[in-house]
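Here is a friendly walk through some local features of a protein chain. Keep the sequence and the 3D view at hand as you read.

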Amino acid sequence: MKFKKFGKTGKTVSAIGQGTMGVGGYLSRDTSHDLEYIKNIQYAFDLGITFIDTAEGYGEGHAEELIGIALAGIRDQAFIASKVSPENAKYEDVIKACDQSLKRLKTDYMDLFQIHWPHPGVSVNETLSAMNSLRQQGKIRFIGVSNFSLEQLKVAQLACGDIISSVQTEYNLFDRSIENNLLSYCIEQELTVIAYSPLNQGKASFNAKQIAMLNAIGKRCGMTAEQIALNWVIAHEGVVAIPKAVKLEHIRQNSLAADFDLEPEDFAAIEGEFKTIPINIPVEKIKVAPDGQGNRFVYQTIEAAIQNKMGFCPSPCELASDLQRHNEEIKPVRVRKTRDTSGRYEYDLVEGRIRYWAWVIAHKGLRPIKALSCDINH
Ligand SMILES: NC(=O)c1ccc[n+]([C@@H]2O[C@H](COP(=O)([O-])OP(=O)(O)OC[C@H]3O[C@@H](n4cnc5c(N)ncnc54)[C@H](OP(=O)(O)O)[C@@H]3O)[C@@H](O)[C@H]2O)c1
């Protein structure tokens, strides 16, 4: 396993880490696969994947509990990263959330504590001050942010000085948006980029030519297409990746995905073939389908999104005010060709439901939204 330096901390982390979203449940706690998941975490650790990423929100904290059990006795050799949810962004809540995470993780310190999502209703200064105090008490070693835009990152740095070590963000061959500005800024600032969904959530959003290219390079290297995709991610300066895998063969493959260097011509060929080109779609052409990612609850009308009866935090309205205040762009939502037959829509929304409604509210439905099409390539 290759190790990469972690921010300016003087520490290193395994270039391939282990994601745990869905391990022990997604939005709610699921104990039905506990033994399997505990063994998986240990197996990955034994293969050198010592960096493990989790969140208090994964399976209502159950992912953290499973990590705590799996790493008992070897905790000090692992690099454990967790995240505080936006619901707990206020000072006292950050402190409480950290204590609860530590309890579930069965440890007295976390290596990295990250703000999972920015909360426009709570000043980032307040959240980071709490984290800094936790750091001074030795309960966490390093501080990171996740899902921050470049502007939000700069605001956080301005508010709290040089206490942020890492930025977790989506980065994979399907979505290379961070190359527009965030990646180069992180390199310049020596912030580690933790690439989430580095395998695009295991979804096949590539065309036949792209798949053939990855397979051909993989064949030459004795690797699978997914190993090539992971290697491409971590080949970037300052970037580590946290694929989630529960199949043992996937874990094994991922543990080997850092152990080779792509030839410069392969790297260039991949960069030329996999482009991220968002499209601008009038919001009324998108249907918010109830069967998108994870079949999560979803608002299907603007009125329901404004009421936010499901209690999403931050709410679509809070996000909308933030978009209006900063005239910000957003991370592209994901769409597919619609399955609706009414003739009213061109696309179904499959990911980014709260973002979508925030955008609609902020711009009164008048401004097209940036989207990546999951089936445009087929
Ligand atoms: N900060 C955030 O907001 C945020 C958001 C999303 C994700 N994350 C973090 O990033 C982690 C990874 O992202 P993700 O879970 O969205 O997606 P991902 O890692 O891109 O993809 C996971 C999928 O890829 C499959 N897979 C893994 N290794 C493979 C291999 N070698 N060959 C073929 N398929 C393979 C997995 O299958 P099996 O599981 O069946 O093996 C699973 O279906 C999460 O678990 C979480 O820790 C953070």
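## Before we start

Helices are DSSP runs of H or I with at least four residues, numbered from the N terminus. Please bear in mind that this is a predicted model.

## I302 and its partners

With that in mind, I302 can be placed in helix α11. Is I302 buried, exposed or something in between? I302 is partly exposed, with a relative accessible area of 28%; buried would mean under 20% and exposed over 50%.

Its partners come from further along the chain. Not counting residues up to four places away in sequence, I302 touches W357, V360 and I361. I302 and I361 are 59 residues apart along the chain, while their C-alpha atoms are separated by 7.4 Å.

## A cis peptide after α11

If you follow the chain on from α11 (302-307), you come to the loop that leads to α12 (316-326), and P314 is found there. The peptide bond joining C313 and P314 is cis, with omega of about -5°.

## Two helix pairs

Two packed helices are described by the angle between their axes and the distance between the axes. Two pairs are worth a look here.

Take α1 (34-46) and helix α2 (residues 62-70) to begin with: their axes come within 9 Å and cross at roughly 60°. That angle makes α1 oblique to α2, and the crossing is right-handed. On the α1 side, D34, Y37, I38, I41 and Q42 take part, and they meet H62, L66, I67, I69 and A70 in α2. By class, the residues of this contact are seven nonpolar, two polar and one charged.

Now turn to helix α5 (residues 150-160) and helix α6 (residues 182-189), whose axes come within 10 Å and cross at roughly 30°. Why do α5 and α6 count as roughly parallel to each other? Their axes cross at roughly 30°, and angles under 35 degrees count as roughly parallel, so α5 and α6 fall into that class. The crossing of α5 and α6 is left-handed. L150, L153, K154 and Q157 of α5 make the contact with L182, Y185, C186 and Q189 of α6. Five nonpolar, two polar and one charged residues make up the contact of α5 with α6.

## The buried residues of α9

Which residues of helix α9 (residues 248-256) are buried? They are I251, Q253, N254 and S255. These buried residues pack against α1 (34-46) and α8 (225-234), so α1 turns up again here, after its crossing with α2.

## Q114 in strand β6

Strand β6 spans residues 110-115, and Q114 is found in it. With a relative accessible area of 0%, Q114 is buried. Its side chain makes a polar contact with the side chain of D53, at 3.2 Å.

Beyond neighbours within four places in sequence, the residues in contact with Q114 are D53, A81, S82, K83, V84, M131, G144, Q168 and I194.

## The loop between β9 and α7

The loop between β9 (192-196) and α7 (208-221) holds S197, and P198 has its place there too. N200 lies in this loop as well. S197 has a phi near 45°, a positive value in a residue other than glycine. N200 is not a glycine either, and its phi is positive at about 55°.

Are these loop residues buried or exposed? S197 counts as buried at 15% relative accessibility, P198 at 3% and N200 at 1%. Leaving aside neighbours within four places in sequence, P198 is in contact with Y171, N172, L230, V233, A241, I242 and P243. P86, by comparison, is 112 residues from P198 in sequence and 23 Å from it in space, C-alpha to C-alpha.

## D266 in α10

One last stop is helix α10 (residues 264-273), where D266 lies. D266 has a relative accessible area of 5% and is buried. Not counting residues up to four places away in sequence, D266 touches I217 and R220.

Technical notes:
Residues numbered from 1 in each chain as written. Predicted model: local features only at pLDDT ≥ 70, side-chain atom pairs only at ≥ 80, totals over all residues. Heavy atoms only, no water. Helix = DSSP H or I, 4+ residues; strand = E, 2+ residues; numbered from the N terminus. Buried < 20%, exposed > 50% of the residue type's maximum accessible area, 1.4 Å probe, protein only. Polar contact = N/O pair within 3.5 Å; in protein donor to acceptor, adjacent residues only side chain to side chain. Contact = heavy atoms within 4.5 Å. Axes fitted to C-alpha atoms, helices over the stretch in contact; angles between N-to-C directions. Parallel < 35°, antiparallel > 145°, perpendicular 65-115°, else oblique. Left-handed = near helix turned anticlockwise from the far one by under 90°. Nonpolar A, V, L, I, M, F, W, Y, C, P; charged D, E, K, R; others polar.
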